[in-house]
Amino acid sequence: MASRLLLSPAKRASGMLFGRSVVQGTGLRSLALRTMSSATTQSPALFISDKRYGKEHTTEEIGDFIKGFQDGKVKDYQMSAWLMAVCLNGMSPRETADLTRFMTESGDIADLSSVPGTSVDKHSTGGVGDKISLILAPLVASFGLVVPMMSGRGLGHTGGTLDKLESIPGFNCDLAMDEFLDVLKDIGVAMISPAGDMAPVDKRVYALRDVTSTVRAIPLQTASIMCKKLAENPESLVLDVKFGSGAFNPNPEESIELAKSMVEAGEGSGKQTTAFITSMDEPIGKAVGNWFEVIESVETLKGEGPKDLEDLVVVQGGQMLLQGGVCGSLSEGIAMARENLRNGKALEKFWQMVERQGGDVDVVKGAKEYPEAKFREEVRATKAGVVGKIDALQVGLAGVDLGAGRKYIEDEVDFTAGIMLGKKVGDRVEEGDLLAECFGNDEKAMKESGRKVGDAFKIGDAREGGDLIRYIVRGGGGVEEFDQSLLA
């Protein structure tokens, strides 16, 4: 079954990669590589040494090294040494694109050719309260585009899309590829965990990056993120690259460089790719925690969500509509996206997705009860003023303490735990006003989380920071300031 639905490395029909064939029409460049042999292959030690001294690898050398790692000829300690060399000396855009391509081709590539319509997808580098995908996917699908979204679970202070969806009783994120395609054919949208054996090299490389302090190297971030998205094989991509206290990259300059690298990797693989640089200095919306974020997503799908959340949704949705050929400009796409949040079409598509993937729609609609946390802690303002800042990282860490996120990959998530903000940046407060509420089932953790959330609020004379959406990065490396009048 899998070979019929996935483009496995052994079943691709045009070109050769790692001695295996590659299907035409995936948008990925075919590339003839020589097979590994002692007579032609550079040794791992020399390959590592080249990067240690800042030398640029050839395409062939990168392919051989990744193939050797996949086959076990390159050891974990050798890969770790090379990762650190990359972290210290970087990679050229061409090297990064090659690394991305070879990691993509290390496993299965989804075959969406049986699904009618134009496919578009979105990826976020993650943040606190980031429930954008839950709203965006059904919104874009409500215009007739296909949204084949494969997402991940949360780790650390950033939440995971799959955790949020799985807080809905019965919702099944683990669809087989044939089931995934059937849902896409029926309703045009599905949100699942990665299917098949997609980008298996990345799983091993990421585990090494996590324990060798090489996570933030831009070429490695690019390859890790984009190889999975390219394996999903949509026709185009929109990226939300975040910066700030709650993001992996703290400043916009670093995020711009990451976005440029990711866009180049996407465009180089035949996918129209656009990135938005957005602020993660305060949580998105007011809800932090899986079930709380589902409810806020439904409110936004009704056109009743927080302004910052809706703005992020309609801008990214508008760009997806533009790339999908539904509209002629970003401005038109934004207006169309807002309209479908208000006329019920996006919400109806969300209900279809929940029902089609086994979720209990009545629970989400409030017709059935949902379990509640045992404890609740209020966080109140200690003085009057204006909320100048809400440290997203501290709020995210407080959520993890409550059980809404994971400290370790094997941790269970408490869907009833979370934080609801009562105030946002720029709001006026008086002494004693409710700033936030914390919910959880561990009374001791509740007190500590309440303290962290209280410390996250900075109250002064004026708001701090700049605009939520700062820049657009397009194919060719062009960077433009985002036109704020589009949100007026």
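In this predicted model, the lining of the largest cavity is made up, by class, of 13 polar, five charged and four nonpolar residues. The cavity that these residues enclose has a volume of about 160 Å³, and of the 22 residues that line it, those closest to its centre are H157, T158, G159, A404 and G405. Three elements each give two or more residues to this lining, namely α7 (161-166), α12 (290-301) and α17 (392-402), and the largest share, three residues, comes from α17.

The structure holds two cavities of 30 Å³ or more, and the second largest has a volume of about 50 Å³. Its lining consists of I66, M79, W82, L83, L99, M103, D202, V205, R209, L220 and S224. How do these residues divide by class? Eight of them are nonpolar, one is polar and two are charged. The elements that give two or more residues to the lining of this second largest cavity are α4 (76-89), α5 (93-104), α9 (200-211) and α10 (218-232).

Helix α12, which is among the elements that line the largest cavity, also leads the reader to a helix pair. Two packed helices are described by the angle between their axes and the distance between the axes. For α6 (residues 132-141) and α12, the axes come within 9 Å and cross at roughly 35 degrees, and the crossing is right-handed. On the α6 side the contact is made by L134, I135 and P138, while α12 brings V294, S297, T300 and L301 to it. Taken by class, the residues of this contact are five nonpolar and two polar, with no charged residue among them. An α-helix has 3.6 residues a turn, so residues three or four places apart point the same way. With that in mind, the reader can look at L134 and P138 on α6, and at V294, S297 and T300 on α12, as members of the contact.

The surroundings of α6 extend this picture. Why can α6 be called largely enclosed by the rest of the structure? The reason is that 10 of the 10 residues of α6 are buried, where buried means under 20% relative accessible area. The buried residues of the helix are I132, S133, L134, I135, L136, A137, P138, L139, V140 and A141, and this list includes L134, I135 and P138, the residues through which α6 makes its contact with α12.

Terms used
Residues numbered from 1 in each chain as written. Predicted model: local features only at pLDDT ≥ 70, side-chain atom pairs only at ≥ 80, totals over all residues. Heavy atoms only, no water. 1 Å grid on protein atoms, 1.4 Å probe; cavity = no way out; pocket = protein on both sides within 12 Å on 5 of 7 lines; lining within 4 Å. Points joined across faces, edges and corners; volume = space filled by probe spheres on them. Helix = DSSP H or I, 4+ residues; strand = E, 2+ residues; numbered from the N terminus. Nonpolar A, V, L, I, M, F, W, Y, C, P; charged D, E, K, R; others polar. Axes fitted to C-alpha atoms, helices over the stretch in contact; angles between N-to-C directions. Left-handed = near helix turned anticlockwise from the far one by under 90°. Contact = heavy atoms within 4.5 Å. Buried < 20%, exposed > 50% of the residue type's maximum accessible area, 1.4 Å probe, protein only.
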